[in-house]
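Trainee: I have a new model open and no idea where to begin. Can we go through it together?

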Amino acid sequence: MATEATPRINARYLESFTGATVRILGKVTALRGESATIDANGSIQLHLNRDAHLTLNNAVEIIGKVHPDLSVKVFQAMDFGPNIDFNAVEAVVDATHRYKEIFYNAD
């Protein structure tokens, strides 16, 4: 059974992954009903599902689809708490794209 790759990205890569399912780890900076904003090396607007329970200023990892307006429709969200080393997160994102043949199909 094949599974869909969910490359790790941040705001810098949104445009390259329009229409794709991605994985993003960022800090929750705003919550407004069924939407939220996270900082993942830039601001990203999220469209939440009913199962997403985010906490302001906590880190969250989301799996979702990038829309043409560069917002992201959230399929899954996991709260990672307030103590995340975002420098390490950025290093993982950079490695994912430097060695993309390991992590996802770039076609």
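Trainee: Let's start with one residue: what does E61 touch, not counting residues up to four places away in sequence?

Mentor: Keep in mind that this is a predicted model. E61 touches R8, R23, I24, L25, Q76, A77, M78 and F80.

Trainee: Where is E61, and is it buried or exposed?

Mentor: E61 is in strand 5. Its relative accessibility is 11%, and buried means under 20%, so E61 counts as buried.

Trainee: Which side chains make polar contacts with the side chain of E61?

Mentor: The side chain of R8 does, at 2.5 Å. The side chain of R23 does too, at 3.5 Å.

Trainee: OK, zooming out. How many helices and strands does the protein have?

Mentor: Two helices and six strands. Going from the N terminus, the order is β-β-β-β-β-β-α-α. The radius of gyration is 13 Å, close to the 13 Å from the globule rule for 107 residues, so the protein is as compact as a globular protein of that length.

Trainee: What does the C-alpha trace span along its principal axes?

Mentor: About 35 × 30 × 25 Å. The accessible surface comes to about 6,400 Å², and carbon and sulfur atoms account for 50% of that.

Trainee: And how much of the protein is buried?

Mentor: Buried residues are 41% of the 107 residues. As for contacts, take those between residues at least 6 apart in sequence: 53% of them join residues at least 24 apart.

Trainee: Now helix 1. What should its span be, and what is it?

Mentor: Helix 1 covers residues 86-98, which is 13 residues. At 1.5 Å a residue the expected span is 18 Å, and the end C-alpha atoms are 18 Å apart, so the two agree.

Trainee: Which residues of helix 1 are buried?

Mentor: V89, E90, V93, T96 and H97. Looking down the axis of helix 1, they fall within an arc of 120 degrees, so they line one face of the helix.

Trainee: Why would residues at that sort of spacing point the same way?

Mentor: An α-helix has 3.6 residues a turn, so residues three or four places apart point the same way.

Trainee: What covers that buried side, and what is on the face turned away from it?

Mentor: The cover includes strand 1 (8-9), strand 2 (21-32) and helix 2 (100-103). The face turned away carries the exposed residues N87 and R98.

Trainee: What happens at the start of helix 1?

Mentor: A side-chain oxygen of D85 comes to within 3.0 Å of the backbone nitrogen of N87.

Trainee: Switching to loops. What is the phi of N41?

Mentor: It is positive, about 60 degrees, although N41 is not a glycine. Most residues other than glycine have a negative phi. N41 sits in the loop between strand 3 (35-39) and strand 4, and it is partly exposed, with a relative accessible area of 44%.

Trainee: And what about the phi of L70?

Mentor: L70 has a positive phi of about 70 degrees, and L70 is not a glycine either. You will find L70 in the loop between strand 5 and strand 6 (72-81). At 29% relative accessibility, L70 counts as partly exposed.

Trainee: Last one: where is A52, and is it buried or exposed?

Mentor: A52 is in the loop between strand 4 (43-47) and strand 5 (59-66). With a relative accessibility of 13%, A52 counts as buried. From C-alpha to C-alpha, A52 and N10 are 19 Å apart in space, and they are 42 residues apart in sequence.

Methods. Residues numbered from 1 in each chain as written. Predicted model: local features only at pLDDT ≥ 70, side-chain atom pairs only at ≥ 80, totals over all residues. Heavy atoms only, no water. Helix = DSSP H or I, 4+ residues; strand = E, 2+ residues; numbered from the N terminus. Expected span 1.5 Å × (residues − 1). Buried < 20%, exposed > 50% of the residue type's maximum accessible area, 1.4 Å probe, protein only. Arc of directions from axis to C-beta. Contact = heavy atoms within 4.5 Å. Polar contact = N/O pair within 3.5 Å; in protein donor to acceptor, adjacent residues only side chain to side chain. Rg over C-alpha atoms; globule rule 2.2 N^0.38 Å. Areas by Shrake-Rupley, 256 points an atom, 1.4 Å probe, with all protein chains shown as cover.
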